[in-house]
Amino acid sequence: MTTIEERPWDDPAGAALRKAQRAELDERYGSDDHEPGTAPTAADIDLFLVASVPDGTPVACGALRRLTGTSAEIKRMYVVPTSRGSGVATAVLRALEAAAVSRGWTTLRLETGTEQPEAIRFYEREGYTEIPLFGPYAGSEISRCYERTL
């Protein structure tokens, strides 16, 4: 059984997962210039979750950054390759959605990239609808944005 728990942004396991995500994206995009907008930090992330398998190995993460009084953005959703297809991504996403609802946020938005077809399929399958590029992603040629009303 997977355990999902809130951790500080600078938690070593979370930092390692984000570093692995960054390396994978650098490879997919052929450079490290693939993040339009401001990178999340401890100062602007409202919630950071890490999922671990029974032996304690961290396998996934996800975060929420508040956008308005009723909306937030999903940031740093990542699952290690060996755990993809296991349901852990859905579990982390549902935990993020539940946390958003508990904070009174009724809308979740996200940005993913054109070179991440698995993420696009995942979010569409989970009920997220493609929307026009918003905020810092407007005009980005490598971004796709999604939204779900909770």
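Which residue stands opposite Y146 in β7? The residue is E130. This pair belongs to a predicted model, whose architecture is described below.

## Overall fold

The chain contains three helices and seven strands. From one end of the sequence to the other, these elements follow the order β-α-β-β-β-α-β-α-β-β.

The C-alpha trace spans about 45 × 40 × 30 Å along the principal axes of the chain. A compact globule of 150 residues would have a radius of gyration near 15 Å, and the 14 Å of this chain therefore agrees with that expectation. Of the contacts between residues at least 6 apart in sequence, 65% join residues that are at least 24 apart.

## Surface and charge

Buried residues account for 45% of the 150 residues in the chain. The accessible surface amounts to about 7,500 Å², and carbon and sulfur atoms contribute 51% of this area.

The chain carries 17 positive and 23 negative charges. The mean positions of these two sets of charges lie 3 Å apart.

## Strands β3 and β4

Strand β3 covers residues 58-66 and pairs with β4 in the antiparallel sense, with six bridges between them. The two strands are joined by a hairpin through four residues. Within this pairing, C61 stands opposite Y78 in β4.

Strand β4 comprises residues 71-79, and nine of its nine residues are buried, so the strand is largely enclosed by the rest of the structure. Besides its antiparallel pairing with β3, β4 pairs with β5 in the parallel sense over four bridges. In that parallel pairing, A72 stands opposite L108 in β5.

In a regular strand, side chains alternate between the two faces of the sheet.

## Strands β5, β6 and β7

Strand β5 (residues 107-113) runs antiparallel to strand β7 (residues 143-149), and seven bridges join the two. One of the facing pairs is T112 with R144 in β7. Strand β5 thus has two partners described here: β4 in the parallel sense and β7 in the antiparallel sense.

Strand β7 also pairs with strand β6, which consists of residues 129-131. That pairing is antiparallel and is made over three bridges. The pair of E130 and Y146 named at the start belongs here, with Y146 in β7.

## T107 in strand β5

T107 is located in strand β5. Is T107 buried or exposed? Its relative accessibility is 15%, and because the limit for a buried residue is under 20%, T107 counts as buried.

Leaving out residues up to four places away in sequence, T107 touches T70, S71, A72, E147, R148 and T149. Among these contacts, S71 and A72 fall in the residue range of β4 (71-79), while E147, R148 and T149 fall in that of β7 (143-149).

## A39 in the loop after α1

A39 lies in the loop between α1 (12-29) and β2 (47-52). With a relative accessible area of 33%, A39 is partly exposed.

Which residues does A39 contact, leaving aside its neighbours within four places in sequence? They are D44, R65 and R76. A39 and R76 are separated by 37 residues in sequence, and their C-alpha atoms are 9.6 Å apart in space. R65 falls within the residue range of β3 (58-66), and R76 falls within that of β4 (71-79).

Key:
Residues numbered from 1 in each chain as written. Predicted model: local features only at pLDDT ≥ 70, side-chain atom pairs only at ≥ 80, totals over all residues. Heavy atoms only, no water. Rg over C-alpha atoms; globule rule 2.2 N^0.38 Å. Buried < 20%, exposed > 50% of the residue type's maximum accessible area, 1.4 Å probe, protein only. Contact = heavy atoms within 4.5 Å. Areas by Shrake-Rupley, 256 points an atom, 1.4 Å probe, with all protein chains shown as cover. Lys, Arg positive; Asp, Glu negative; His and termini not counted. Charge placed at Lys NZ, Arg CZ, Asp CG, Glu CD. Pairing = 2+ DSSP bridges.
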